Amino acid sequence: MAKILILEDDTTFAQLLEGFLTKKGHEITLATHIKPSFKLIENETFDLFLIDYRLPDGIGFDVITHARNLGISTPIIIMTSFNDVRTAVKSMQMGAFDYITKPVNPDELLMVIKNSLTKKESNDVKTEVVEADLIKGKSAIADRLYEHIDLVAPTDMSVIIQGESGTGKEFAARTLHQQSKRAGKPFVAIDCGALSKDLAASELFGHIKGAFTGALNDKKGQFEAANGGTLFLDEVGNLSYEVQIKLLRALQERVIQPLGSTKQIAVDVRIITATNDDLLNSISGGEFREDLYHRLNEFKIQLPPLRNRGSDLELFINHFVQLSNRDLNRNVKSISAEAKSLLLNYDWPGNLRELSNVIKRMVLLTPGEVAQVNALPDEMMISVNQQTMPGSASDLKAVNEQNEKILITETLIKAKHNKSKAAKMLNIDRKTLYSKMERYGIE
């Protein structure tokens, strides 16, 4: 049983969720606005946050930021409509564990909750590794990537791994560690995006008892924990300026000083960092120290987005189908032509992580041996249709038609494909709806 905070302003939907999850053995607390939820988060301990993206007094990002600033690492799942999927992907960059689209499928919701609680138990709220470690890809771009990894892995050079969220940055860092002379020593990964500004220095360098309010015992920092091995700092651009100064000193002098202590501790650590943004932009904005950047950037590895990996995409699809069959006790042997076309033409803003989640959902919703297109999220179809719509952004007629097509598609989904109900919701008659569906190729 898990204690779950649901933040949802649609009270009917929230009560449905509460009833469903209570029957599954979970303890549910409901909130409809962000401000009251802050008090709940501050005063109570939850195992999971299930948060609607759009709320009356703000957005899901506000809750993520507030929780992380408090040093709370509770997994967060964002619930969103399909036209906000790219925003949901951004929320994962900020520290959310996962997202789920409305209308919510009960089996998918249980799967996402189970995955998030499993991660919480392993004290690993966010990870870039999506089981792609069993398969590397065979495209030319994959070959170049692993040539660079093979080249720099045996050295002690500091490496920056740059790539979009979900491209497998932690997997690349682990590969560098495993192929280095430090392979037998610890590999310690820290998600800097999940660290509050107040706790980041303590997490990295440790503290002694009484160093600050709440420091009840001495704590060893992650630099010490990684001594002799590799320290991986994910989303290093999120570290505060003050912590950046301490980090630079630790790298230059190879010593750390726990908070509240006068003692210096020698450390031998290889640093690998990762970012989904070009740190040069942060430098120009005064948010990241240039001298630290040059100290970290002895070698840079650029991870390609999934949409640029060509033939690797189909390889990954088949790989994730096999993994999902194993994990979910399913027997999907093939994917229909329509579903395969959609998978290959979608632009995958969430990259490998999104692909893994979509394939797992597809396998979960496929009782037989052939996966059909209706087992894929509706937003994928809408996104692909948007990409193939004629006209440029400056073509007003094309933009209006595109918006109309999206609205009709969304309404049909809300009406569970009841055309009479959809026509009423759109304030048009059935004949007009059929005409527009035919015109836009909506099945």
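How many helices and strands does the secondary structure of this protein chain come to? It comes to 19 helices and 16 strands. Both are DSSP runs, numbered from the N terminus: helices are H or I with at least four residues, strands are E with at least two.

A word on the source. This is a predicted model, where local features need pLDDT of at least 70, side-chain atom pairs count only at pLDDT 80 or more, and totals for chains, interfaces and linings use all residues. Residues are numbered from 1 along each chain as its sequence is written, and side-chain values use heavy atoms, with hydrogens and water left out.

Now the whole chain. There are 443 residues, and 53% of them count as buried. Buried means under 20% relative accessible area, with a 1.4 Å probe and protein chains only. About 20,900 Å² is exposed, and carbon and sulfur atoms supply 48% of that. Those areas come from the Shrake-Rupley method with a 1.4 Å probe. Next, contacts, meaning heavy atoms within 4.5 Å. Take those between residues at least 6 apart in sequence: 71% join residues at least 24 apart.

On to the sheets. Strands of a sheet pair through backbone hydrogen bonds, either parallel or antiparallel. Here, two strands pair if DSSP finds at least two bridges between them.

One open sheet has five strands, in the order β2-β1-β3-β6-β7, with parallel pairing. Its edge strands are β2, residues 27-31, and β7, residues 98-101; each pairs on one side only. Neighbouring strands here are turned by 20° against each other on average, direction ignored. Angles run from 0 to 180 degrees between N-to-C directions, and axes are lines fitted to C-alpha atoms, for helices over the stretch in contact.

Look at β1, residues 3-7. It pairs with β3, residues 48-52, in the parallel sense over four bridges. L7 has I51 as its bridge partner in β3. Helix α1, residues 11-23, lies across β1, β2, β3 and β6, and runs at about 170° to β2.

Now another open sheet. Five strands again, parallel pairing, order β9-β10-β13-β8-β14. Why is one side of β9 and of β14 left without a neighbour in the sheet? Because β9 (187-191) and β14 (299-302) stand at the edges, each with a single partner strand. The average turn between neighbouring strands is 20°, direction ignored.

β9 pairs with β10, residues 230-234, in the parallel sense over five bridges. There, V188 has L231 as its bridge partner in β10. Helix α6, residues 140-152, lies across β8, β13 and β14, at about 155° to β14.

Terms used
Buried means under 20% relative accessible area, exposed over 50%, partly exposed in between (1.4 Å probe, protein chains only).
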